[in-house]
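Me: I am in my first year and would like a close look at one part of this model. Please answer in a single connected account.

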Amino acid sequence: MQLANQTILISGGSSGLGAATARRFLDQGASVIIADLASPDVTMVEGHEGRVFHQPTDVTSEEDVRSLIAEGENRLGPLRGAVICAGIAHAERIVGRNGAASLDAFRKVIEVNLIGTFNVARLAAKAISKHEPMADEERGALVMTASIAAFDGQIGQAAYSASKGGVAALALPLARDLARHGIRVNVIAPGVFETPMFDGISDEFRDSLIQQIPFPHRLGHADEFAALAQHAFENIMLNGTTLRLDGALRMAAK
Ligand SMILES: NC(=O)c1ccc[n+]([C@@H]2O[C@H](COP(=O)([O-])OP(=O)(O)OC[C@H]3O[C@@H](n4cnc5c(N)ncnc54)[C@H](O)[C@@H]3O)[C@@H](O)[C@H]2O)c1
C-alpha cells in the first residue's frame, strides 16, 4: 500500500519515534490521526494543514480510542493503518535496596505498553476491516513497536521487557486473525534511538549503550524507524514478523 491519500493512526505520535513517523507519512501525502496524551508540535502541521487530527487520547482507554477513530475518520477519511508507538519506560530490579519491586509500577508498564498497544490494534483493525479492499485485496496494515529489550532485557528491565515481549508475541496471532480481512501486522523492535525517552539518562549509561552498538556506532535517528514503518506499509509480503532495527546491538546485562 502506498501512503499517499491514506489515513493512518499514529499512537505516541506527539514525540520521538511516533512524531518522526507522522512527519514522514505526512511528507508522503498521508493524513494522520495522532493518539497521544500530549498535543503534537505545531510545526508538524505546517504545510500539511487539514491532514492532522489530534484529540487527547489515553491508549489504555477504550472510550478515548473509539472516539478518536470515529472523529478522525469523519475528518480525514477511512482508516487504512496504525503505527502504534505510545509507550513508557521503567527501570527497577525485582529485588532492590527498598525491597521487592513495585507491583503497581509493573502493572502500569504492562497496561500502557502491552494492553494499550492491543487496545489501539483491535479498534484500528475493526475500523479498517469495514473499508473496501484495495490492490491485492489489501485493506490496511498495523505496525506495533516492541524493543530489543523484548529479547535482551537488561538488569532492571523486567517490566519493560515483559511488556515488549508481549508486543512481539502479538505479531503472528494478529496477522493470522486479520488475514481474512486483508490486514497485515508487523512489529518493529528498535535498539537505541535518540528521542525524548532518553532525555533523563546519564551520559555514562548513554555512552555504555553506544559502546555496545557495532555499526553504525551511534544512536538511531527517529526517521530511520519511520522509514522502516513506511516500508512495512509498502511491502505487502511483510507480515506476521518482528524486525530488529538496532545496528547489530545485543545488549549486555547492563
Ligand atoms: N527511543 C528508543 O530508543 C526506543 C527503543 C526501543 C523501543 N522504543 C519504544 O518506542 C516507542 C516510542 O518511544 P519514544 O522513544 O518515541 O518515546 P517518547 O517518550 O519520545 O514518546 C512516547 C509518546 O507516547 C505517549 N504516551 C505515553 N503514554 C501514553 C498513553 N497512556 N496514552 C497515549 N500516549 C501515551 C507520550 O505522551 C509520548 O508522546 C515506545 O513504545 C518505546 O518503548 C523506544
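Where is proline 216 found?

Reply: Proline 216 is found in the loop between α6 and α7, the latter being residues 222–234. The peptide bond that leads into proline 216 from phenylalanine 215 is cis, and its omega is near -5 degrees. The model is predicted, so local features need pLDDT of at least 70 and side-chain atom pairs count only at 80 or more, while totals for chains, interfaces and linings use all residues. Residues are numbered from 1 along each chain as its sequence is written, and side-chain values use heavy atoms, without hydrogens or water.

The loop begins after α6, which covers residues 203–211. Helices and strands here are DSSP runs numbered from the N terminus (H or I over at least four residues, or E over at least two). α6 also gives the most to the lining of the largest pocket, with 4 residues. A pocket is an open set of 1 Å grid points where a 1.4 Å probe fits, with protein on both sides within 12 Å along at least five of seven lines, and a lining residue has an atom within 4 Å of a point. The lining of the largest pocket has 50 residues, and those nearest its centre are Ile88, Ala89, Tyr160, Met197 and Phe198. Besides α6, at least two lining residues each come from α1 (16–27), α4 (103–129) and α5 (158–178).

One of these helices, α4, also meets α3. In this contact (heavy atoms within 4.5 Å), Glu62, Val65, Arg66, Ile69 and Glu73 of α3 meet Asn119, Val120, Arg122, Leu123, Ala124 and Ala127 of α4.

A second local detail lies in the segment before β1 (7–11), which holds asparagine 5. The phi of asparagine 5 is near 65 degrees, a positive value in a residue other than glycine.

Now the whole chain. The protein chain has 7 helices and 9 strands. Its C-alpha trace spans about 55 × 35 × 35 Å along the principal axes. The radius of gyration of the protein chain is 18 Å, which agrees with a compact globule, because 254 residues would then give a value near 18 Å. That radius is taken over C-alpha atoms, and the globule rule is 2.2 Å times the number of residues to the power 0.38.
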